[in-house]
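User: Please take me through a few local features of this structure, step by step.

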Amino acid sequence: MSVLDLARPEIRAMQPYSSARMEASGGEVFLNANESAWAPVGDDGLGCNRYPEPQPATLIDALAALYGVQREQLLVGRGSDEAIDLLVRAFCRAGRDAILIQPPTFGMYAVCARVQDAGIVEVPLTADATLDADAVLAALTPAVKLVFICTPNNPTGQPVPRTDLERLARALAGRALLVVDEAYVEFADEGSVADLIDRYDNLAVLRTLSKAWALAGVRIGSLLANADVIALLRRIMAPYPLPLPSVDAALLALSGWGQANAREHLAVVRAERARMREALRRLPGVRDVLPSQANFLAVRFDDAGAAYRRLLAAGIVVRDVRRYPNLGDALRITIGTPAENDRVLAVLDGWDAAEGSA
């Protein structure tokens, strides 16, 4: 059985859009795409009067080398969100198929499913915010075509062991595509499972340049998967997803200098994460700080609402995650610079949570 047998038959059969860039390359005079012949003001040689490559070859090669996959196994788009949306649209028939998630987790999996009118099977994380692989397999129904797993998980921060992910990939073969979201994997001790793609054609991995690579504003995300899955998603992807300035910024970040800069900041975040966890646990009003392998901490408070308001009044914006299951007393705090982290500790230090004031 091919993994493509899990995809929507009408998607497999459809004739994809063919853009001007796809139909012809080379040449010196470009009169095939109804573009302006003149560069815009301030273009500085970037060539924004022309459509970009649908999948820029230089960026594809750089990302494939970074992630250790073949170029045919990589799709690059507008953040991980676009790849999530494409997967749901390609594999889930409206009103018939479903995805499986483990709340609390990244919200876009459910949003994309609802937009597609796909069902959502929820298998909550355990009380200690870890994944129960047996429960995931027990909840699987024939309707489930995609199983999303975020590791380290957002908003809790815990990773899923590689042995569990490989076990799930093996068990789901011929039944569903396992989508492992590794948006925060650069901050974790355990590495990627992208090397398993050659072994399991039903395994897909999401990666992004928005976190460790400091390019959230550029919106570059990748899907690593079997070449047949990548080719299928290219059939339904918008023809020119990546703006030229975004591609330019990504290539600079992936250069030797850019990679050295990213590694330096990763070391700071890991050290600050450990320091912040210990410091926060000693503060009044803090019940617990969940262990995290990401660039944030989920912090439980006696009164999370009051803590949120106090931080906001001091000009510090954190994420209120109390609406998530099992996080009704928690805030998610991103690891910032050492000076920014010191400000968080200073605002919360000496605070009487019972009274909601210092």
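The questions below concern a sheet, a helix packed on it and two residues in a predicted model.

User: What is the order of the strands in the open sheet of seven strands?
Analyst: The pairing in this open sheet is mixed. At its edges lie β1 (74–77) and β3 (119–122), each of which pairs on one side only. Read across, the order is β1-β7-β6-β5-β4-β2-β3.

User: Which residue in β7 is the bridge partner of V76?
Analyst: Strand β7 covers residues 221–224 and is joined to β1 by four bridges, with the two strands running antiparallel. In β7, V76 has as its bridge partner S222.

User: Which strands does α8 touch?
Analyst: Helix α8 packs on the sheet, and its direction makes about 30 degrees with that of β1. The strands it touches are β1 and β7.

User: Is A227 buried, partly exposed or exposed?
Analyst: A227 is in helix α8, which spans residues 227–236. Beyond residues up to four places away in sequence, A227 touches E72 and Q73. Its relative accessibility is 32%, and buried means under 20% while exposed means over 50%, so A227 counts as partly exposed.

User: Why does S292 count as buried?
Analyst: S292 lies in the loop between β8 (286–289) and β9 (296–301). Leaving aside neighbours within four places in sequence, S292 is in contact with G157, R273 and L297. The cut-off for buried is under 20% relative accessible area. S292 counts as buried because its relative accessible area is 10%.

Conventions. Residues are numbered from 1 along each chain as its sequence is written. This is a predicted model: local features need pLDDT of at least 70, side-chain atom pairs count only at pLDDT 80 or more; totals for chains, interfaces and linings use all residues. Side-chain values use heavy atoms; hydrogens and water are left out. Buried means under 20% relative accessible area, exposed over 50%, partly exposed in between (1.4 Å probe, protein chains only). Contact means heavy atoms within 4.5 Å. Two strands pair if DSSP finds at least two bridges between them. Axes are lines fitted to C-alpha atoms, for helices over the stretch in contact, and angles run from 0 to 180 degrees between N-to-C directions.
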